Amino acid sequence: MSVLTAIQEACAEALGISPVPTAIYGASTRLAVELSALANDVAADIIAEHEWQKLRTIRTITGDGTTADYDMPSDFDRLPRTKSLWSSRLGSRYCHIEDLDQWLGMDVLNYDQAMNAWTIYGDQIHFKPTPSSGETISFWYQSNLIARPEAGGANKAAFDADGDTFRLSERLLKKGIIWRWRASKGLPYAEHQEDYEIVKERLIGADGGARGILKQPEAMNRDGVRIAYPVALSGL
């Protein structure tokens, strides 16, 4: 099912639009413009609802010994809630500094840096100390590339052709278009919104396979744990 098919089915099922449009992207009618924008808005809302496994991507940074600040991936949407940056040099995780005042304090306090730390600001990821030459630092992130082109090639961050397909559930996309269109036009939409939410929660529950069959103990090296001393201890 393409994005055009999803829109056409939405029109036929619940939008009251007749005749059903034969083209959306590239057409200049008000209807086409509204529906094309709505499909992209709904898709963006869907990817924000959950850490979908189809959009999970690994980024690996290779240190050069001098660079401490790296641009985020061009398709970066967000980090997962359980975010960790794993270092080949350390054999463990960098510590995430969420408090930016604490990050500044690490610059001005007069002690040797013992904590391997990272934070994000200015569309870059920043490290202290500077990653070593050849050190690799890997992490998961959520991609914003939601559209697959009909003719193949690189995925895209938005639909811009009728033959594009949604990388997630096009059934959910269709149901989202239905309730959002009806709401925007002042039509009854509560039942359609509830239908959308039911389908969405089922898909979220099934995403990535069944849960609760195996339970592993949590790792002792937990994200957010701080080293309680500013210098390395020796002679113990």
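In the predicted model, Asn144 is found in the loop that links strand E9 (136-143) to strand E10 (147-148). Asn144 has a relative accessible area of 19%, and the cut-off for a buried residue is under 20%, so Asn144 counts as buried. When residues up to four places away in sequence are not counted, Asn144 touches Ile47, Ser74, Asp75, Phe76, Asp77, Lys156 and Ala157. One of these residues, Ala157, is 13 residues from Asn144 in sequence, and the two C-alpha atoms are 5.5 Å apart in space.

The protein as a whole contains five helices and eleven strands. Of its 236 residues, 39% are buried. The exposed surface of the protein comes to about 13,600 Å², of which carbon and sulfur atoms supply 51%. Among contacts between residues at least 6 apart in sequence, 65% join residues that are at least 24 apart.

Ile47, one of the residues touched by Asn144, belongs to the buried residues of helix H2. This helix covers residues 30-48, 19 residues in total, and reaches 27 Å from its first C-alpha to its last, close to the 27 Å expected at 1.5 Å a residue. The other buried residues of H2 are Ala32, Leu35, Ser36, Leu38, Ala39, Asn40, Val42, Ala43 and Ile46. The buried residues of H2 pack against three helices, namely H1 (3-15), H4 (170-184) and H5 (190-206). They also pack against strand E3 (76-78) and strand E11 (165-166).

His50 is located in the loop between H2 and strand E1 (56-62). The relative accessibility of His50 is 12%, so this residue counts as buried. Leaving aside neighbours within four places in sequence, His50 is in contact with Arg78, Gln142, Ile204 and Asp207. His50 and Lys200 are 150 residues apart along the chain, and their C-alpha atoms are separated by 9.6 Å.

In soluble globular proteins, nonpolar side chains tend to be buried together. In the present model, the largest nonpolar core has 35 residues, and the members that touch the most others are Leu15, Phe159, Leu173 and Ile177. Helices H1, H2, H4 and H5 are the elements that give two or more residues to this core. Apart from neighbours within four places in sequence, Ile177 is in contact with Ile7, Ala10, Leu15, Leu38, Ala39 and Val42. Among these contacts, Leu38, Ala39 and Val42 are buried residues of H2. A second core, separate from this one, has twelve residues, including Met72, Leu79, Phe139 and Tyr141.

Four strands form an open sheet with mixed pairing, in the order E2-E8-E7-E6. Strand E2 (69-71) and strand E6 (95-96) are the edge strands, and each pairs on one side only. The pairing of E6 with E7 is parallel and runs over two bridges. Cys95 has Ala117 in E7 as its bridge partner.

Thr119 also lies in E7, which covers residues 117-121. With a relative accessible area of 2%, Thr119 is buried. A polar atom of the Thr119 side chain lies 2.8 Å from the backbone oxygen of Ile97. Once neighbours within four places in sequence are left aside, the contacts of Thr119 are His96, Ile97, Leu100, Trp103, Gln124, Ile125 and His126.

Notes. Residues numbered from 1 in each chain as written. Predicted model: local features only at pLDDT ≥ 70, side-chain atom pairs only at ≥ 80, totals over all residues. Heavy atoms only, no water. Expected span 1.5 Å × (residues − 1). Buried < 20%, exposed > 50% of the residue type's maximum accessible area, 1.4 Å probe, protein only. Contact = heavy atoms within 4.5 Å. Areas by Shrake-Rupley, 256 points an atom, 1.4 Å probe, with all protein chains shown as cover. Polar contact = N/O pair within 3.5 Å; in protein donor to acceptor, adjacent residues only side chain to side chain. Core = buried A, V, L, I, M, F, W, Y, C linked by side-chain atoms within 4.5 Å. Pairing = 2+ DSSP bridges.
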